[in-house]
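Hi everyone, thanks for making the time. Let me put the structure up on the screen, and then I'll walk you through the parts I'd like us to look at together.

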Amino acid sequence: PAGAPFLLMPSNVGTTRLPPPYEDDLVRRDLTMIVPVRAGYFRSSPPPPGRHVHEVAAADTCALLDHLSIARLPVVSFADDFRIALTMATIAPERFSALLACGAPMPATRPEHYQRMTKLTRFVVMNAVYAPRVMHYLGLMFFSLAKRAGKKRFFQTILGDSKADLRVIEHRPTLEAMMRGSEIVFSQAHMAHTIMAAETTANFTGDWSGNLRDCTVPITLFAGHEDPFSPYATVQEFCAAIPNLKLVSFPDCGQLLFPHFDVILDAVEAAAKPRLA
């Protein structure tokens with residue numbers, strides 16, 4: 001509890017837990033991992049009507065940091081939660097020492113960005129952009145599948161375009177951590193499909209590349225070459241165009257970077273304990 005703090009933004013799949021070896025590593029490194037449960041997840045109230053979900057999440061998280069008397073810390077984000085981390089860095093840049101983004105999507109601003117996506121990703125993104133009213137039912141469909149088929153089968157379905165991710169899911173301690181963590185999103189008693197739909201729509205609406213260029217907090221993108229949701233070629237393209245983006249790539253990974261999470265924790269430690277870096 002007295003370790004150097006960092007935030008973990010768990011994505012709308014709810015990666016709130018790390019595999020046991022890395023949770024043990026947090027103790028060895030003297031790090032404290034703080035995972036906010038956002039509005040609309042688990043037993044929390046939904047975001048207020050008329051408020052943008054990213055702004056609500058950013059404001060709530062900053063309020064949590066105030067409550068914990070934390071002035072500044074790094075942020076690790078999984079997948080689409082990079083958008084929330086970026087919003088927080090835009091609103092209060094002085095509070096964040098680094099954005100460490102795992103499998104972060106980039107803005108889709110040109111036809112080739114869509115062409116590089118897998119069919120499932122393109123289907124979700126196109127509905128979020130052009131038919132946002134459908135997203136609620138898509139979320140309900142995905143989580144109903146998870147209830148019927150089980151979480152392992154659900155993860156295999158949504159990550160089926162990445163052989164690297166399927167290998168990670170077969171690692172039992174990692175799968176169990178994912179299944180435990182995802183309880184805030186979907187379980188036999190609860191489904192957060194409404195907030196998931198709102199966040200997915202917000203994540204893929206508009207061109208937010210300007211936010212990337214203007215961010216004053218250092219950003220490191222950790223990217224797998226087989227990522228089915230964030231095509232590696234698109235990540236490379238943005239990193240080449242925006243000086244503030246640093247790229248660390250893993251050729252043998254997809255969206256799930258757990259096989260190399262020690263590299264990410266090295267970056268966390270450097271940003272959380274700058275005098276020791």
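A residue counts as buried here when its relative accessible area is under 20%, and as exposed when that area is over 50%. Please also keep in mind that this is a predicted model.

With that cut-off in hand, let's take Ser11. Is Ser11 buried or exposed? Its relative accessibility is 6%, so Ser11 counts as buried. You'll find Ser11 in the loop that runs between strand 1 (4–9) and helix 1 (20–29). Its backbone deserves a look too: phi of Ser11 is near 75 degrees, which is positive in a residue other than glycine.

Ala79 goes along with that. Ala79 is not a glycine, yet its phi is positive, at about 50 degrees. Ala79 sits in the loop between strand 3 (73–78) and helix 3 (82–91), and because its relative accessibility is 14%, Ala79 counts as buried.

Now for the empty space. How many cavities of 30 Å³ or more does the structure hold? There are 5 of them, and the largest cavity contains about 710 Å³ of space. Its lining is made of 36 residues, with Asn12, Val13, Asp80, Ile158 and Phe229 closest to the centre. At least two lining residues come from each of helix 5, helix 6, helix 7 and helix 10, and helix 6 provides the largest share, 5 residues.

There is a pocket to look at as well. The largest pocket holds about 250 Å³ of space. Of its 14 lining residues, Pro46, Pro47, Thr194, Ile195 and Ala198 lie nearest the centre. Which helix gives the largest share of that lining? That is helix 10, with 5 residues.

Next, the helices, beginning with helix 5. Its 12 residues, 119–130, should span 16 Å at 1.5 Å a residue, and the end C-alpha atoms are indeed 16 Å apart, so the two agree. Thr121, Val124, Val125, Asn127 and Ala128 are the buried residues to note in helix 5. These cover an arc of only 160 degrees around the axis, which means they are on the same side of helix 5. Turn to the other side of helix 5 and you meet Lys119 and Tyr130, which are exposed. What covers the buried residues of helix 5? The cover includes helix 4 (111–115), helix 6 (135–149) and helix 10 (193–203).

Helix 9, residues 172–181, can be read in a similar way. Buried in helix 9 are Thr174, Leu175, Ala177, Met178 and Gly181. Viewed down the axis of helix 9, the buried residues fall within an arc of 160 degrees, so they line one face of the helix. Helix 7 (151–158) and helix 8 (163–169) are what those buried residues of helix 9 pack against.

That leaves the nonpolar cores. In soluble globular proteins, nonpolar side chains tend to be buried together. In this model, the largest nonpolar core has 53 residues, and Phe154, Phe155, Phe258 and Phe261 have the most contacts inside it. Helix 13, residues 261–272, gives the most to this core, with 6 residues. If you click on Phe155, leaving aside residues up to four places away in sequence, you'll see that it touches Val13, Ile169, Leu175, Met178, Met179, Ser182 and Phe186. Apart from the largest core lies another core of 35 residues, among them Ile70, Leu212, Cys215 and Val217.

That's my tour, so over to you for comments.

Technical notes
Residues numbered from 1 in each chain as written. Predicted model: local features only at pLDDT ≥ 70, side-chain atom pairs only at ≥ 80, totals over all residues. Heavy atoms only, no water. Helix = DSSP H or I, 4+ residues; strand = E, 2+ residues; numbered from the N terminus. Expected span 1.5 Å × (residues − 1). Buried < 20%, exposed > 50% of the residue type's maximum accessible area, 1.4 Å probe, protein only. Arc of directions from axis to C-beta. Contact = heavy atoms within 4.5 Å. Core = buried A, V, L, I, M, F, W, Y, C linked by side-chain atoms within 4.5 Å. 1 Å grid on protein atoms, 1.4 Å probe; cavity = no way out; pocket = protein on both sides within 12 Å on 5 of 7 lines; lining within 4 Å. Points joined across faces, edges and corners; volume = space filled by probe spheres on them.
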